[in-house]
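Reader: I'm in my first year and still learning to read structures like this one. Please pick a single strand, take me through it slowly, and then show me how the same kind of reading works elsewhere.

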There are 4 protein chains.
Amino acid sequence: MDIFQTLESDVRSYCRGWPATFDRAVGSRLYDESGRAYLDFFAGAGVLNYGHNNPVLKRALIEYLERDGITHSLDMNTVAKRDFLQALRDLVLRPRNLDYKVMFPGPAGANAVEAALKLACKVTGRHSVVSFTNGFHGMTLGALAVTGNSVKRAGAGVPLAHTAPMPYDGYLANSPDFELLTKLLDDRGSGLDLPAAFIVETVQGEGGLNTARIEWLQELAELCRRRDILLIVDDVQMGCGRTGPFFSFEIAGLRPDIVCLSKAIGGYGLPLALTLFRPELDIWTPGEHNGTFRGINPAFVAAAEALRTYWRDDNLEKSTVAKGEQAERVLADVAAAHPGIPMQVRGRGLARGLALPSGDLAERVCRNAFERGLLLETSGPEGEVVKLLPPLTVTDDELDEGLSLLEESVKEASR
Amino acid sequence: MDIFQTLESDVRSYCRGWPATFDRAVGSRLYDESGRAYLDFFAGAGVLNYGHNNPVLKRALIEYLERDGITHSLDMNTVAKRDFLQALRDLVLRPRNLDYKVMFPGPAGANAVEAALKLACKVTGRHSVVSFTNGFHGMTLGALAVTGNSVKRAGAGVPLAHTAPMPYDGYLANSPDFELLTKLLDDRGSGLDLPAAFIVETVQGEGGLNTARIEWLQELAELCRRRDILLIVDDVQMGCGRTGPFFSFEIAGLRPDIVCLSKAIGGYGLPLALTLFRPELDIWTPGEHNGTFRGINPAFVAAAEALRTYWRDDNLEKSTVAKGEQAERVLADVAAAHPGIPMQVRGRGLARGLALPSGDLAERVCRNAFERGLLLETSGPEGEVVKLLPPLTVTDDELDEGLSLLEESVKEASR
Amino acid sequence: MDIFQTLESDVRSYCRGWPATFDRAVGSRLYDESGRAYLDFFAGAGVLNYGHNNPVLKRALIEYLERDGITHSLDMNTVAKRDFLQALRDLVLRPRNLDYKVMFPGPAGANAVEAALKLACKVTGRHSVVSFTNGFHGMTLGALAVTGNSVKRAGAGVPLAHTAPMPYDGYLANSPDFELLTKLLDDRGSGLDLPAAFIVETVQGEGGLNTARIEWLQELAELCRRRDILLIVDDVQMGCGRTGPFFSFEIAGLRPDIVCLSKAIGGYGLPLALTLFRPELDIWTPGEHNGTFRGINPAFVAAAEALRTYWRDDNLEKSTVAKGEQAERVLADVAAAHPGIPMQVRGRGLARGLALPSGDLAERVCRNAFERGLLLETSGPEGEVVKLLPPLTVTDDELDEGLSLLEESVKEASR
Amino acid sequence: MDIFQTLESDVRSYCRGWPATFDRAVGSRLYDESGRAYLDFFAGAGVLNYGHNNPVLKRALIEYLERDGITHSLDMNTVAKRDFLQALRDLVLRPRNLDYKVMFPGPAGANAVEAALKLACKVTGRHSVVSFTNGFHGMTLGALAVTGNSVKRAGAGVPLAHTAPMPYDGYLANSPDFELLTKLLDDRGSGLDLPAAFIVETVQGEGGLNTARIEWLQELAELCRRRDILLIVDDVQMGCGRTGPFFSFEIAGLRPDIVCLSKAIGGYGLPLALTLFRPELDIWTPGEHNGTFRGINPAFVAAAEALRTYWRDDNLEKSTVAKGEQAERVLADVAAAHPGIPMQVRGRGLARGLALPSGDLAERVCRNAFERGLLLETSGPEGEVVKLLPPLTVTDDELDEGLSLLEESVKEASR
């Protein structure tokens with residue numbers, strides 16, 4: 001038995017589906033310690049949008065370390081943080097006419113969510129937040145309360161309260177959009193307390209690549225606006241260009257009150273998280289929310305470099321959309337090639353899913369893919385959705401290669 | 001107005017007390033962008049026990065980056081993680097006869113605490129955890145519930161429940177140790193529900209350097225043992241040698257059921273957190289607790305190198321104890337030099353505090369120190385305790401220099 | 001200003017709509033202190049199913065008091081309690097093949113509900129109960145948590161948790177029955193924790209006389225059975241013959257796991273409440289739930305006499321159904337007579353409602369009725385439903401008289 | 001097996017200690033169905049301060065029933081309610097210079113407590129209430145949260161939150177009064193959220209006759225006043241003259257913000273409960289808290305008659321004090337007569353307790369007493385306190401008789 005089995009807690013999971021010990025990684029490829037290469041359609045669960053050890057970011061990062069740039073600074077002012085803030089303002093916020101304040105809530109997406117929930121309750125004086133079926137927002141107690149997954153929720157050890165789950169787009173086949181939510185909010189006898197906020201993902205990565213339509217998102221935003229409820233978009237996984245535009249909600253023309261960013265924002269895989277919000281909501285007192293790992297300057301350096309490299313123009317956005325369409329086409333072909341097995345193609349941009357009839361079948365597909373050298377994970381409540389999340393920098397050849405391997409993996413699993 | 005003021009949320013705080021923009025840092029010194037040097041008696045709130053950009057760790061880190069070692073891997077197996085686990089086992093756990101399982105709960109201390117609380121409730125089937133007055137455990141909703149600070153608690157936006165605060169060592173002048181707690185637990189009519197666990201710091205860093213005596217800690221552990229309550233030591237700030245030994249509870253001979261580590265464990269300021277627990281408690285199902293930023297391999301690399309460099313023998317432990325005594329002597333002299341102002345010297349090892357009569361006075365001391373080029377923060381419920389947390393690698397000269405600057409700062413503030 | 005205004009809290013409400021000081025009452029009539037008579041279509045909010053000061057019950061009650069029968073006995077055994085239990089068993093439970101255990105949870109319906117919720121959580125080890133939109137179950141903190149009304153909920157002063165409201169029958173126009181609930185329960189990612197129980201009224205008295213169809217109730221029961229979720233029917237207002245049969249759920253052939261009774265069970269207006277449940281659920285330890293006012297023997301005496309008088313045969317059930325149909329016909333005529341004002345006739349048995357377009361109009365109708373000597377209250381989330389709840393012992397003439405007065409009141413209000 | 005065993009839930013408890021079936025009761029005596037008499041030192045758990053079926057109240061009650069006075073009226077105005085309010089104002093409130101508003105929160109003490117807690121949270125905007133060790137306030141979810149007893153708490157089925165238990169007078173042998181509470185409130189890092197209110201009993205009836213000293217109560221009131229925390233006195237068991245004066249807090253000169261009354265206020269054993277509060281706190285909106293059983297006019301009639309009979313002068317108060325001293329003397333003699341068994345005499349007025357070393361011994365004493373024809377219950381966290389709660393109308397001879405029987409019962413149990 002190796003040390004992972006003897007020493008590490010049984011809670012570990014990815015290592016079970018991918019029984020290799022990884023060592024190096026470049027671009028869209030990982031290499032295990034025997035040198036075997038794996039094509040990565042997982043991308044660190046959406047962290048590695050610019051690929052592994054992206055050479056441009058790597059150069060900036062090593063230079064920063066070499067010159068003894070400050071590494072850890074909490075919320076002190078630093079040159080690297082200023083540089084990041086400027087890049088964020090000039091390349092992301094201003095071009096989109098967003099005047100958000102920026103909060104560094106801690107190192108991870110769950111911190112961005114916890115800060116968003118706290119702020120929403122604090123601003124409104126209300127005590128609950130509406131989340132959506134199959135939403136996923138994190139593992140800390142506040143974030144877990146708005147997360148749907150029953151296994152994760154069971155891990156809480158205490159009852160999770162102060163929240164209510166509502167049907168996500170498409171959840172109810174026969175019900176007009178927001179029929180239930182509107183009725184519950186309009187009805188003074190519904191039992192749904194007026195919420196501080198709604199928290200939503202535009203595409204539910206962990207929930208199974210469920211994809212909200214543009215008009216559903218717009219109607220949600222309008223519903224919030226009319227009722228003075230805050231709208232929080234959790235763009236931790238779908239932001240930073242995963243679906244095409246920098247923010248996943250741009251295609252719907254939304255201007256959420258609060259936005260959560262993390263994962264790919266750091267550029268190189270180093271922890272970074274942001275909570276963005278309308279300036280009027282900035283009622284925090286100094287230090288009211290804090291945390292140690294809020295000033296990881298190497299992450300600022302890589303993040304700023306990534307913004308300058310990839311968000312100066314719309315090339316990345318366009319290529320992501322195009323590659324996403326290519327992936328969708330192939331997935332549709334795969335589905336069509338197995339008429340006896342109901343399959344559904346889901347997602348947007350380079351967040352794509354192939355929904356299969358069972359978690360068992362999806363797991364077999366991923367195992368087959370691993371044997372062929374392709375990393376793919378499952379998602380969805382039963383693990384029934386094969387999830388494609390390649391780096392946005394994947395080349396056309398790599399994309400085709402990966403899709404071919406997926407095709408074979410499905411074929412073998414379907415026998 | 002600079003971009004920090006215009007763009008960053010008002011929640012920022014350290015930058016207010018230290019109005020500089022930092023750029024580089026080496027060992028015990030930070031440099032602002034004008035090149036001015038600052039002696040660091042803050043050490044990233046306890047993250048930087050081995051100093052800024054420690055050259056041994058830096059070399060290992062850059063080498064790893066240069067050779068494209070995998071950066072971000074969640075809980076996949078990697079060569080760097082194996083190396084870290086081996087170092088942890090061979091240099092930390094085995095020499096201390098500790099057979100803990102190791103869980104990577106997320107990037108930060110709050111994640112280590114949240115995982116500990118979840119696990120304690122899950123294992124015992126109980127729903128509350130006893131914390132202590134002035135304890136500090138983090139900002140996420142679960143960790144915040146066991147944190148004392150009223151400003152932070154007020155930020156939650158929802159009532160914080162499922163916990164009960166008990167007097168820390170020395171809190172009640174006239175009461176025998178644990179008189180209240182023992183009575184409440186023995187008394188079936190007390191209203192204190194049997195807790196899943198106690199969570200305690202051996203020295204309360206944020207709470208004002210309150211220091212639990214060895215016998216108090218031992219009595220606490222014995223009380224837990226007899227009543228089948230789990231003991232969680234939050235060693236996020238006091239672990240990794242801050243008080244001398246690797247774990248702060250070693251001097252009391254404790255073997256806690258669960259230990260939380262973070263901050264300095266990463267070695268170089270990169271986020272890393274561990275929850276350690278007795279193997280029998282490892283009832284997690286795979287993935288029941290997870291999170292994206294759990295496999296920051298550069299942190300593993302620096303962490304392993306730090307263990308090999310500093311924990312192969314007891315030199316660091318001994319020097320920390322000796323330097324701590326030196327700091328204590330000087331602080332006692334400072335107190336003695338101001339007989340009209342009641343001052344109290346607190347702490348253990350290189351976690352030291354000078355408790356002053358008011359937060360106002362302590363803030364003036366820190367401001368004076370900043371003007372003299374020394375970084376010091378306040379702690380305690382009223383911010384009334386000047387907190388000394390130099391890197392453990394601080395030289396004797398640097399220590400003397402810092403203590404002199406502190407002495408002057410107190411003198412000036414006391415006029 | 002009278003003493004009610006000067007001394008009693010502003011929380012009082014019925015006295016505002018009916019500005020009289022009542023003195024005597026017989027059968028279906030109340031008399032104020034000036035001797036003016038009022039026809040009562042309110043019946044003590046469903047307490048007075050057998051009319052005011054029913055002479056048969058009155059005789060039994062006074063005889064009991066005269067002979068110094070024990071008045072207050074908590075849960076001691078008494079002759080009067082034995083007599084009541086025997087009547088309940090022989091006249092109610094056995095004829096319906098129900099083998100329920102009987103718990104006396106306290107004096108009021110809310111106590112019956114609190115005991116039901118506690119027991120459901122205790123038996124299942126789960127922590128939440130699903131309630132339905134516009135359900136009303138009481139004002140104590142547990143009962144309030146499953147109650148829909150936002151004004152009442154706001155009175156709690158603390159966030160109400162551990163519950164989730166689901167659409168009642170007919171709430172969603174376009175959705176098949178239980179589409180949402182079934183999906184949420186089947187979906188491991190829905191965010192709806194598996195509940196201990198559902199709590200439901202067959203007709204929602206306070207919620208606006210919303211009436212669940214037989215097939216909806218049956219589907220609900222089947223859904224509970226298949227998923228091992230307990231079914232609690234709150235029959236506090238609709239039980240004791242209000243809709244015809246003794247239990248309102250009899251028409252659907254239901255056998256709920258737990259049944260809450262109160263209001264009319266006491267017969268004469270004296271507080272009494274019962275929680276009935278399947279014998280297998282009786283896992284209470286002695287005294288685990290208790291309360292002072294659980295043995296009001298005058299209530300037992302009147303209750304037993306009422307069962308013997310009215311439930312020895314099916315005469316009352318039949319007459320209630322017939323009178324209910326008469327009320328429905330007249331209400332339908334009223335609605336038809338005002339084609340410009342959308343009205344809806346609701347309810348079952350002698351629990352009837354006339355839903356109007358606004359609470360304002362409904363209030364005017366009730367005010368007009370009061371001026372004509374008819375007591376009627378509003379219900380529903382906006383107070384938009386005029387509620388008819390005459391004593392079951394109302395004579396045909398009284399019923400016709402009351403319906404005529406209602407007709408006039410609507411006509412006047414609609415002008 | 002009788003019908004109590006076959007049909008009633010196992011939750012029943014008093015009937016287990018007193019295996020008789022009671023039938024009639026007069027004054028201080030109960031009679032079982034075989035005609036055997038029992039001297040009652042239990043008094044319906046404090047409901048029957050004026051004895052069983054008190055002839056003066058009985059006459060008023062039967063007259064009211066005979067003349068068809070309205071029985072059940074919710075919060076409508078009635079002649080009987082006006083009469084009660086006038087008696088309460090003229091005989092209780094005005095003579096004591098109390099200008100409380102009167103709320104009828106429901107039929108039982110728990111309703112009075114729930115309304116008090118709701119109002120305190122609503123008025124202050126805070127979410128927690130401080131209760132005291134071994135406090136007992138009721139079984140509904142809100143009242144249970146401030147109750148100490150672990151068996152009752154375990155019955156809740158959900159975690160009980162939003163409250164914190166503090167040491168009652170005498171709980172900590174070595175700690176100055178309120179040392180802990182004052183420190184926790186003064187300390188911004190204590191983890192105790194600023195509470196809406198304290199809820200306290202002056203003598204803890206269920207908790208074991210623990211008796212707060214006058215100066216402790218005064219210090220508590222002063223502490224509340226200075227910190228703008230509301231003081232709720234739960235006088236459900238100790239009010240209505242049980243300790244001598246009408247309100248138990250009169251001897252300390254307290255003017256609580258909110259007072260809970262129930263049990264004996266109804267006079268004859270019929271359910272009645274009041275929440276009294278300072279007029280400035282009356283911020284309820286109409287109907288925000290309601291409930292069906294709030295207008296039990298027979299209870300108003302008996303209650304008003306009881307006030308007029310017993311509270312027109314101070315005779316009852318004086319005789320209660322005198323009888324209480326007699327009881328105390330005899331209990332002290334009993335204790336002195338058993339030097340080998342540590343016993344403690346507790347209580348005030350006619351609420352008295354003999355604390356024994358174990359619940360087992362106390363239970364034997366009560367069983368012996370029952371065999372001798374004396375009803376006594378145990379209280380305290382381990383059931384270790386024999387509780388004496390005779391009617392206040394007990395004659396001197398009955399008191400002596402009961403105390404003699406107790407003496408014998410202790411002697412026999414101590415062998």
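Author: Here is a walk through one strand and its partners, followed by some sheets and charged groups elsewhere.

Before we start, keep in mind that this is a predicted model. The strand I've picked is β15 of chain D, which covers residues 351–355. How many of its residues are buried? It turns out to be 5 of the 5, so β15 of chain D is largely enclosed by the rest of the structure.

Now let's look at the faces of that strand. In a regular strand, side chains alternate between the two faces of the sheet. Here, D:A351, D:G353 and D:A355 sit on one side, while D:R352 and D:L354 sit on the other. Every one of those residues is buried, which leaves both faces of β15(D) covered. Notice that an arginine, D:R352, is among the buried ones.

Next, who are the partners of this strand? One of them is strand β14 of chain D, residues 344–348, which runs antiparallel to β15(D) and is joined to it by 5 bridges. To see one of these pairings for yourself, find D:G347: its bridge partner in β15(D) is D:R352. These two strands make a hairpin with 2 residues between them. In that turn, D:G349 has a positive phi of about 60°.

Strand β15(D) also pairs with strand β18 of chain D, residues 385–388. That pairing is antiparallel too, and it runs over 4 bridges. Here the residue to find is D:G353, whose bridge partner in β18(D) is D:K387.

You can practise on chain A. There, strand β14 (residues 344–348) and strand β15 (residues 351–355) pair in the antiparallel sense over 5 bridges. A:Q344 has A:A355 in β15(A) as its bridge partner. The hairpin of β14(A) and β15(A) has 2 residues between the strands, and A:G349 takes a positive phi near 60°.

Ready for something wider? Chains C and D share an open sheet of 5 strands, in the order β4(C)-β1(D)-β2(D)-β3(D)-β16(D), with mixed pairing. The strands at its edges are β4 (77–78) of chain C and β16 (374–375) of chain D; each has a single partner strand, so one side of each is left without a neighbour in the sheet. Further in, β1 (residues 21–26) and β2 (residues 29–32) of chain D pair antiparallel over 4 bridges. Within that pair, D:A25 stands opposite D:L30.

There is another open sheet, also made of 5 strands with mixed pairing, and its order is β16(C)-β3(C)-β2(C)-β1(C)-β4(D). Its edge strands are β16 (374–375) of chain C and β4 (77–78) of chain D, and each pairs on one side only. Here you get to see a parallel pair: 2 bridges join β3 (residues 37–40) of chain C to β16(C). In this pair, C:L39 has C:L374 as its bridge partner.

Strands aren't the whole story, though, so here are the charges. Over all chains, the structure has 126 salt bridges. One of them brings together the side chains of D:E8 and C:K81, at 3.0 Å from N to O. D:E8 lies in the loop between α1 (3–7) and α2 (14–17) of chain D and C:K81 in helix α5 (residues 79–93) of chain C, so the pair joins two chains. Are these two residues buried or exposed? D:E8 is buried, with a relative accessible area of 3%, and C:K81 is buried as well, at 0%.

For a contrast in setting, look at B:R372 and B:E408, whose side chains meet in a salt bridge of 2.9 Å, N to O. B:R372 is in the loop between α13 (359–371) and β16 (374–375) of chain B and B:E408 is in helix α14 (residues 396–414) of chain B, so the bridge ties together parts that are 36 residues apart in sequence. B:R372 is partly exposed at 29% relative accessibility, and B:E408 is partly exposed at 38%. Salt bridges can also link up: A:K101, A:D282, B:D10 and B:R12 form a network.

Finally, some charges gather with their own kind. A:E63, A:E66, B:E63 and B:E66 make a patch of negative charge on the surface. Helix α4 (55–66) of chain A and helix α4 (55–66) of chain B each supply at least two of its residues.

Note on methods:
Residues numbered from 1 in each chain as written. Chains lettered and ligands numbered in written order. Predicted model: local features only at pLDDT ≥ 70, side-chain atom pairs only at ≥ 80, totals over all residues. Heavy atoms only, no water. Patch = residues over 30% accessible without salt bridge, like charges linked within 9 Å, V, L, I, M, F, W, Y side chains within 5 Å. Areas by Shrake-Rupley, 256 points an atom, 1.4 Å probe, with all protein chains shown as cover. Salt bridge = Lys/Arg side-chain N within 4 Å of Asp/Glu carboxyl O. Lys, Arg positive; Asp, Glu negative; His and termini not counted. Charge placed at Lys NZ, Arg CZ, Asp CG, Glu CD. Pairing = 2+ DSSP bridges. Buried < 20%, exposed > 50% of the residue type's maximum accessible area, 1.4 Å probe, protein only.
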